[in-house]
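I set out to look up how the strands, helices and nonpolar residues of this structure are arranged. My entries follow in the order in which I made them.

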Amino acid sequence: MIAGMTETADHDGTGPTTEEAAAPTPRERRIAAWRNAPRVLARLGFLAPLQERLRLLEAAGDVHDLDETSDIYGNGVVEALERRVAELLGTEAAAFFPTGTMAQQVALRCWAGRTGDPAVALHPMSHPEVYERNAFSQVSGLRPVHFANEPRLPTAEEVRDFAEPFGALMLELPLRDAGFVLPTWDELSEVVEAARERDAVVHFDGARLWECTEHFGKSLEEIAGLADSVYVSFYKSLDAFGGAALAGPASLIEEARTWRHRYGGAVFQQFPTALSALIGLDRELPRLPEYVRHARVVAAALREGLEAGGLPWFRVYPEVPHTHDFQVWLPYGTEVVAETAIRAGEETGTMLFANHWDPKGPGLAFTEVYVRAAALEWTAGDVREAATDFARRLTGAQPSLCRPD
């Protein structure tokens, strides 16, 4: 049996060839097209080859003393990272966690012990409810309760009038699955105040909090200062290898360290991840407002190009992005738009849509567009041209299956 061949063949001997059996998957083709394209909107580190990822640590000496003894169970460079996060967010302390899933479970079970109420009010589109396999209830004894299903953060009125008690209000900033959306600063302040009126604590799921300053027109310290505790990610915005931090009052963080150990988060050595996070804070964090501003240019030009290309219906959402990420919706099946995006990248060297496409109904697909440093090389005209080409390819590939109202 030759590796890569299937176990059976047709009786006439014309079964699949080695080349056919080993044909790359659509995901493999998409990533290869993204890697090879000279022009993309984002170079996402986690999709890069290992040797390229390791080169990130060449800058480690710029952010930390490499003659220092390596970390053991969270000291050394990990403590340095924790101090940096607490300083940036204006909190008394911060604790490093290997994952945000762990960090938020620990934070909210600590708050539940203090409030005496395990109910956590959050949006049903929040990360723990969509991606974490009911971890709150299955692992941490928490009881999620949901606000309305509209793709937006809750209003102050909804918080005040919620029909049952809750000990903690959890707000995902931005709400990723709704389109990376944020409230206004006044709306956020009013929601927090409404939770306080109900004697609830407020926890920010700030996986992407780093990118929110441009929208709010406020510093990280001012944003984090609204909440009782904040979680931040090091890889979603900062391109680190992984990791997260929980920030808040010193007493909460001290308790969280105990639970971190109980949850298996006291990892022996974490210096590569900690160093990559410090590099991200040094290198990427100052550039995020620029990415957000350019995302607005990209989104506007994208709409113009898709319209010029003759698409019967589409949506770029939000019209003015709140962060440097946003959604694009198209009235086609996922396979059609994915193949069109891959071929455009392969044939033109310009990869406009490098992310995967997900269905949102019969003949309706959406993708997320990420704008990073690579996008700064694109002018509005470049985006319009690429979007027009993509739309023409798409309308020639297959008629739209539906046209939403």
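Entry 1. I note that this is a predicted model. I began with helix 14, residues 288-308, which lies across strand 9 and strand 10 (325-330). I recorded that helix 14 runs at about 10 degrees to strand 10.

Entry 2. I then looked up helix 15 (residues 334-348) and found that it lies across strand 10, strand 12 and strand 13. Its direction is at about 150 degrees to strand 12.

Entry 3. I next asked in what order the strands form the sheet. The order is 9-10-13-12, in an open sheet of 4 strands with antiparallel pairing. Strand 9 (315-317) and strand 12 (357-361) each have a single partner strand and stand at the edges, so one side of each has no neighbour in the sheet. On average, neighbouring strands here are turned by 30 degrees against each other, direction ignored.

Entry 4. I examined the pairing of strand 12 with strand 13 (residues 364-370), which is antiparallel and extends over 4 bridges. Opposite Trp-357 I found Thr-367 of strand 13.

Entry 5. I turned to the nonpolar residues. The largest nonpolar core holds 61 residues, and those touching the most other members are Leu-89, Phe-204, Trp-210 and Phe-234. For Trp-210 I listed the contacts, not counting residues up to four places away in sequence; among them are Leu-88, Leu-89, Val-232, Phe-234, Leu-281 and Leu-288. Ser-233 and Ser-237 are also touched by Trp-210. Apart from this core lies another, of 31 residues, including Leu-302, Val-369, Val-383 and Leu-394.

Notes: Residues numbered from 1 in each chain as written. Predicted model: local features only at pLDDT ≥ 70, side-chain atom pairs only at ≥ 80, totals over all residues. Heavy atoms only, no water. Core = buried A, V, L, I, M, F, W, Y, C linked by side-chain atoms within 4.5 Å. Buried < 20%, exposed > 50% of the residue type's maximum accessible area, 1.4 Å probe, protein only. Contact = heavy atoms within 4.5 Å. Pairing = 2+ DSSP bridges. Helix = DSSP H or I, 4+ residues; strand = E, 2+ residues; numbered from the N terminus. Axes fitted to C-alpha atoms, helices over the stretch in contact; angles between N-to-C directions.
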